[in-house]
Each structure stands twice: as C-alpha cells, then as structure tokens.
Amino acid sequence: MDFDLNEEQRLWKKSVHEFVAAEVQPHAREVDETGQFNWPAVRKMGPMGLLGLTVPEAYGGAGVDSVSAILALEELGWACGSTALALTAHNGLGTSPLALYGSEELKNKWLPLVTSGKGKLGCLALTEPGAGSDLQGGIITRAEKSGDEWILNGAKMWVTNASIAEYIITLVRTAPEGGSRSLSLILVPTDSAGLHIGAPEKKMGLHGSPTHAVTYENVRVPIGNLIGEEGRGLHQTLATLDGGRIAIGAVALGLGQAAFEAAIAYSKERQAFGQRIADFQAVQLKLADMATDLRQARYMIYSAAWLKEQKRPFTKEAAMAKISASEAAERVCYNAIQIHGGYGYSRDFPVERYYRDARLMSIGEGTNDILRTVIARQVLA
Ligand SMILES: Cc1cc2nc3c(=O)[nH]c(=O)nc-3n(C[C@H](O)[C@H](O)[C@H](O)COP(=O)(O)OP(=O)(O)OC[C@H]3O[C@@H](n4cnc5c(N)ncnc54)[C@H](O)[C@@H]3O)c2cc1C
C-alpha cells in the first residue's frame with residue numbers, strides 16, 4: 001500500500017483488518033448460505049466505531065475522516081460482502097443524513113442508539129416499486145401534515161437493513177406540485193403503526209444483507225421527525241449519495257481484493273502439466289490485469305474520499321470512483337473464477353460468492369449508466 005495514508009489511517013486500517021479477519025471473514029460463507037445477519041460481529045463493532053464512522057463523537061460516533069471511513073468499508077468488503085453492504089447502508093445512508101441535517105433532538109435520540117451496537121441499525125428508503133433512477137419525477141410516497149404529525153402513505157422497494165433497523169429515513173413528496181423542492185426526508189421509527197416490512201428479497205448474492213419492500217399505511221410520526229428543512233429532501237439525498245457512491249465502491253474494492261488474494265493462493269497450489277498454474281503466462285496475464293484493476297480502483301476511491309474530506313467538490317470523482325471500482329471488481333472476480341477452473345464455479349471456494357456479491361455494486365446507489373450521465377453533464381458544462 002503506497003497511497004499516502006498517514007500513520008493514524010494505517011493503524012486504523014490494520015486494526016479494522018485484524019478485527020474483520022477474526023470476527024467477520026470466518027462467518028462469511030455461513031452468512032451467505034443461511035441468510036442470517038452477523039449480529040454477533042456487528043454488536044462488537046459499536047465500541048470500535050464502525051457503526052458511526054463519520055458521526056461526530058458527541059453523538060456516539062467515531063468521527064473519523066472520510067478516507068478512514070472508506071478504509072474500514074474496504075476491509076469489511078474484503079471480509080464479507082453482506083456484512084459490508086449492511087454497514088455501508090447504515091453508515092453512509094442511515095446515519096449520514098441524520099448527522100448532517102437532523103435536529104439536535106433527533107440526533108440525540110437516535111444516533112447514540114444506532115452507533116453503540118446496543119440498538120439496531122439505520123437505513124434510507126429512496127427507491128420505490130416504480131422509481132429508482134428517477135427520484136425527482138417518480139416518487140409517489142407522500143407525507144401530509146396533520147396537526148403536529150406527518151402522515152405517510154406509499155411504498156418503498158429494496159430497502160437495505162429495514163428489518164434490522166431502528167428507523168427508516170424515508171424520501172417523501174411533501175408538496176404536490178412536483179419540482180426539486182417537493183421532496184423531504186422524514187425519519188420513521190420501524191415500530192410505527194401502519195409500517196409494514198416485507199419478507200427479505202431473494203437475491204443473487206449478498207444473502208446476509210436483508211433487503212425489503214416497505215409499505216406505509218397512514219403512518220403517523222411527530223412533525224419534528226422531518227430531517228432538516230421541508231423541501232430539501234432531494235438535495236440532501238443527492239449529497240448523501242455522493243458519499244455513498246465512494247462507500248459502495250470501497251466495498252467492491254474489498255471484494256475484488258479478496259478474489260485476487262484467493263486467485264494468487266490457488267494459482268500457487270494448483271498443478272497442471274507438471275507445474276503450478278502460476279507459472280503459465282496466461283494465468284500471469286490475468287493476475288497482472290487484476291492487480292492493475294485494483295490499483296487503479298483504489299486510487300480512484302481514496303482520492304474521491306480525500307476530496308470529500310477537503311470539502312472540495314467530489315460529485316464527478318465519486319461517480320468515477322464507483323464506476324471504476326465496481327467494474328474492476330467484476331473483472332477481477334471473473335478472472336479469479338477463471339483461474340480456479342471448475343472449482344471456481346463451486347460453492348466450496350469463495351470466489352463464486354465474491355462474484356455474486358460484487359454484481360450489485362454497479363446497480364446500487366445509482367446505476368453505472370446514471371453515473372456516466374452525471375460525469376458527462378459535468379464534463380460538458
Ligand atoms: C441489493 C439491493 C440493495 C438496495 N438498497 C437500497 C436502499 O437501501 N435504499 C434504496 O432507496 N434503494 C436501494 N436499492 C435500490 C437501488 O438503488 C436501485 O435499484 C437503483 O438505483 C436503480 O433503480 P431501479 O432499480 O428502479 O432501476 P431503473 O431506474 O428502473 O433503471 C433500469 C435501467 O434503466 C437505466 N436507466 C434509467 N434511467 C436512465 C437514464 N436516464 N439514462 C440511462 N439509463 C437509464 C438504468 O441504468 C438501468 O439500467 C437497492 C437495490 C438492490 C438490488
């Protein structure tokens with residue numbers, strides 16, 4: 001690792017690596033096969049700061065810098081895609097908007113609970129059955145004021161962590177006329193009457209990261225559960241997603257790194273035609289491409305996080321980093337399976353799981369096509 005990490009960041013990466021190697025990675029296969037969320041490890045993450053990475057210490061978080069937060073998510077991705085996705089959704093989507101825009105009352109009430117490991121997690125519901133990429137035009141879940149309450153009605157789709165969360169920060173339409181000022185974020189406790197969380201979705205991978213449809217049937221929450229200003233929900237969401245894209249890219253990078261390490265180890269053990277397959281140039285070329293892909297993705301991810309930390313514009317760079325890391329991870333996982341031959345297609349080896357888990361990273365938090373439109377808009381401006 002020659003990216004210019006400071007001493008504190010290097011030590012942090014090392015300590016997170018040691019923790020996930022002991023508590024998360026050994027359970028990754030079981031988590032994938034059973035679909036059981038790894039609560040025992042996640043409970044221990046509270047005191048380590050992994051449940052409130054960038055949340056200020058005053059609210060129970062670790063308050064680490066943006067690069068350190070990314071290093072932690074990369075390590076989690078290396079250890080277990082499912083646990084990493086849940087933690088990414090919790091940190092990047094479930095706590096960030098609350099920490100950045102929430103009232104003191106909301107922050108004091110919820111953040112210490114979800115960052116400590118004593119309570120459940122947080123999550124963010126943007127996507128709906130009929131709207132994912134087009135949030136501004138497509139969102140139909142609405143919230144209406146009634147006295148000192150909001151009443152929510154509608155449906156959300158693909159909500160990571162909904163069943164293991166204390167609350168769902170929900171993007172709703174609060175003004176009927178549409179436009180960028182018609183959406184708001186509202187915190188909805190998961191024990192609210194009228195909130196229904198569906199069964200876990202049956203997914204291709206990430207089986208230990210629960211994903212749910214959620215419906216809101218006259219769900220009443222206090223007026224103070226509005227996050228920040230009314231009508232600022234789209235702005236808050238887009239800012240949250242910029243950070244989330246670097247985070248999901250970091251998970252992809254971790255998955256790719258794990259696949260690369262598995263391929264290196266296997267290529268040195270497996271014999272064919274009287275020699276280790278690592279000595280065949282065709283295998284070496286794949287390993288070289290994998291190393292190159294990972295190095296490029298790592299620089300893109302770390303530098304986007306660095307820009308974020310410097311409070312410089314990073315929307316374009318976050319989009320580029322997420323595209324780079326998610327597509328690199330997919331190529332690396334493909335090559336890792338190829339190097340494993342038939343065994344790569346077997347569940348007895350982890351590379352098929354890495355491949356399935358990595359596939360989500362070019363879809364979630366803005367598809368890579370949408371991200372290319374974000375980049376194109378900026379380069380043409
Ligand atoms: C495992 C998992 C976890 C998720 N977790 C969450 C979560 O926690 N919270 C949440 O809110 N959502 C979550 N999502 C939803 C995810 O963010 C959306 O699936 C994603 O944003 C795409 O939206 P969509 O599925 O509605 O696809 P659509 O928007 O319907 O897109 C379908 C296709 O059309 C393309 N497309 C659409 N518009 C354009 C355009 N203008 N230009 C070019 N191409 C376009 C897209 O790139 C895509 O290929 C999750 C999804 C999955 C699978």
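User: What classes of residue make up the shell around the ligand?
Analyst: In this predicted model, the shell around the ligand has 12 nonpolar residues, alongside nine polar and three charged ones.

User: And which ones come nearest?
Analyst: Of the 24 residues around the ligand, those that come nearest are L126, G132, S133, T367 and D369. The elements that contribute two or more residues to this shell are α5 (81-101), β1 (121-125), β3 (149-160) and α12 (368-380).

User: Which domains does the shell draw at least three residues from?
Analyst: Domain 2 (124-231) and domain 3 (234-380) each give at least three residues to the shell around the ligand.

User: How is the whole chain divided, then?
Analyst: The protein chain is split into domain 1 (7-120), domain 2 (124-231) and domain 3 (234-380).

User: How many residues of domain 2 are in contact with domain 3?
Analyst: On the domain 2 side there are 13 residues, and they are in contact with 10 residues of domain 3. Within the side of domain 2 that touches domain 3, α7 (135-138) and β5 (183-189) each supply at least two residues, and by class that side has eight nonpolar and five polar residues but no charged ones. The C-alpha centres of domain 2 and domain 3 lie 30 Å apart.

User: Switching to helices, at what angle do α8 and α10 pack?
Analyst: Helix α8 (residues 233-269) packs with helix α10 (residues 315-340) at an angle of about 20°, and their axes are 8 Å apart. Angles under 35 degrees count as roughly parallel, and α8 and α10 are therefore roughly parallel to each other.

User: Is that crossing left-handed or right-handed, and what residues are in the contact?
Analyst: The crossing of α8 and α10 is left-handed, and the residues of their contact comprise 20 nonpolar, seven polar and three charged.

Note on methods
Residues numbered from 1 in each chain as written. Predicted model: local features only at pLDDT ≥ 70, side-chain atom pairs only at ≥ 80, totals over all residues. Axes fitted to C-alpha atoms, helices over the stretch in contact; angles between N-to-C directions. Helix = DSSP H or I, 4+ residues; strand = E, 2+ residues; numbered from the N terminus. Parallel < 35°, antiparallel > 145°, perpendicular 65-115°, else oblique. Left-handed = near helix turned anticlockwise from the far one by under 90°. Nonpolar A, V, L, I, M, F, W, Y, C, P; charged D, E, K, R; others polar. Domains from an automatic or database assignment. Contact = placed C-beta atoms within 7 Å. Near = placed C-beta within 6 Å.
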